[in-house]
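Subject: The structure I promised you

Hi,

Here is the structure we talked about, with its sequence. Have a look around first, then read on.

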Amino acid sequence: MPELDPATTALLTVECQNGVVGEESALPELAKEARDSGMLDRVAALVDAARAAGVQVVHAVAERRPDGLAANSNARLFRAAGKLPVRQLSGSPAVQVAPPIAVAEQDLVVRRLHGLSPMAGTDLDPLLRNLGVRTLVVTGVSSNIAIPNTVFDAVNLGYRVVVPSDAVTGVPAAYTAEVIRHSLALVATITTTADLLAQWTVAGTGRP
């Protein structure tokens with residue numbers, strides 16, 4: 001993997017929130033996979049290393065108003081989400097970033113009330129452009145829907161996208177490897193958490 005310039009790179013966590021991957025998730029199968037696979041721990045390690053290396057960290061959170069106003073209803077997924085016992089309501093613990101991932105003062109948190117991707121119809125793209133970001137490292141959930149949407153949207157907007165294959169997941173677990181191999185690898189640079197940590201650890205120490 002080519003070296004990433006911290007000044008023009010951002011690390012994005014996608015839907016790593018309590019109501020999705022936390023212990024009281026609306027999607028327990030996905031939450032269990034995120035925890036048991038070690039994905040959440042790897043994302044947390046990447047977040048810490050990115051900050052130390054001077055890479056901007058951004059957390060993308062999906063939420064909805066308590067009254068559901070203006071929320072999507074044009075797909076089965078959206079209608080089902082509105083009936084779940086744990087809802088991603090604005091201001092609730094469900095939309096807070098889940099442990100062990102830490103949110104620092106210098107991080108950006110981008111919230112969306114609609115759609116399937118944090119890149120579409122949110123402040124994410126203009127914020128990244130204002131920061132001079134050209135490369136986006138995408139982590140989080142799920143490889144079924146939000147991660148592919150994010151990657152494709154970012155590529156369409158002109159970003160170079162990097163996906164650490166062990167820092168994204170979905171259900172069933174085997175599906176993640178398939179979507180990476182047959183879809184994401186065609187448009188993004190696929191790497192691993194270890195490779196990124198090695199690069200960012202060196203950058204954080206200031207060693208050549």
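Below is what turned up, sorted by topic. Keep in mind that this is a predicted model.

**Salt bridges**

Let's begin with charges. Side chains of opposite charge can pair when their charged atoms come close. In this model there are 8 salt bridges.

One of them runs between Glu15 and Arg112, with the closest N and O atoms 2.9 Å apart. Glu15 sits in the loop between β1 (9-14) and α1 (18-21), while Arg112 belongs to strand β3 (residues 108-112), so this pair ties together parts that are 97 residues apart in sequence. Both Glu15 and Arg112 are buried.

Arg51 is another one to click on. Its side chain meets that of Asp48 in a salt bridge of 3.3 Å, N to O. Both residues lie in helix α3 (residues 39-53), 3 residues apart, or about one turn of the helix. An α-helix has 3.6 residues a turn, so residues three or four places apart point the same way. Are the two partners buried or exposed? Arg51 has a relative accessible area of 18%, so it falls under the 20% cut-off and counts as buried. Asp48, at 44%, is partly exposed.

Arg51 also makes a salt bridge with Asp107, at 2.8 Å from N to O. This pair links distant parts of the chain: Arg51 is in helix α3, and Asp107 is in the loop between α4 (76-81) and β3, 56 residues apart. Put the shared partners together and Asp48, Arg51 and Asp107 form one network. Asp107 is buried, just as Arg51 is.

**Rings**

How many aromatic pairs does the structure hold? The count is 0. There is a charge over a ring, though: Arg134 lies over the face of Tyr159, 5.2 Å from the ring centre.

**Nonpolar cores**

Next, try colouring the buried nonpolar residues. The largest nonpolar core has 29 residues, and those touching the most other members are Leu11, Val21, Met39, Val43, Ile101, Val137 and Trp200. The elements that give two or more residues to this core are α1, α2 (28-36), α3, β2 (56-62), β4 (135-141) and α8 (193-205). Which element gives the most? That is α3, with 9 residues.

Val43 is a good place to see how sequence and space part ways. Leaving aside neighbours within four places in sequence, Val43 is in contact with Thr13, Cys16, Ile101, Thr139, Gly140 and Ala167.

There is also a second, separate core of 24 residues, and its members include Ile147, Val161, Val163 and Ile180.

**Two buried polar residues**

His59 lies in strand β2. With a relative accessibility of 0%, His59 is under the 20% cut-off, so it counts as buried. What surrounds it? Not counting residues up to four places away in sequence, His59 touches a long list, including Val47, Arg51, Val97, Ile101, Asp107 and Val109. The side chains of His59 and Thr13 are joined by a polar contact of 2.9 Å. Check Cys16 as well: it is 43 residues from His59 along the chain, yet their C-alpha atoms are separated by 7.8 Å.

Ser117 is found in the loop between β3 and α5 (124-130). Ser117 is buried too, with a relative accessible area of 3%. Its side chain makes a polar contact of 2.8 Å with the side chain of Asp153. A polar atom of the Ser117 side chain also lies 3.0 Å from the backbone nitrogen of Met119. Beyond four places in sequence, Ser117 touches Arg112, Asn149, Thr150 and Asp153. You have already met Arg112, as the salt-bridge partner of Glu15.

**Helix α6**

Last stop: helix α6 (residues 146-156). Which of its residues are buried? They are Ala146, Ile147, Pro148, Thr150, Val151 and Ala154. Among the elements covering these buried residues are β1, β4, β5 (160-164), β6 (168-169) and α7 (173-182). After α6 comes Gly158, which has a positive phi, near 100°.

If you like, start with the network around Arg51, then move on to His59, which touches Arg51 as well.

Cheers

Terms used
Residues numbered from 1 in each chain as written. Predicted model: local features only at pLDDT ≥ 70, side-chain atom pairs only at ≥ 80, totals over all residues. Heavy atoms only, no water. Salt bridge = Lys/Arg side-chain N within 4 Å of Asp/Glu carboxyl O. Helix = DSSP H or I, 4+ residues; strand = E, 2+ residues; numbered from the N terminus. Buried < 20%, exposed > 50% of the residue type's maximum accessible area, 1.4 Å probe, protein only. Phe/Tyr/Trp six-rings, centres within 6.5 Å; stacked < 30°, edge-to-face > 60°. Lys NZ or Arg CZ within 6 Å of the ring centre and 35° of its normal. Core = buried A, V, L, I, M, F, W, Y, C linked by side-chain atoms within 4.5 Å. Contact = heavy atoms within 4.5 Å. Polar contact = N/O pair within 3.5 Å; in protein donor to acceptor, adjacent residues only side chain to side chain.
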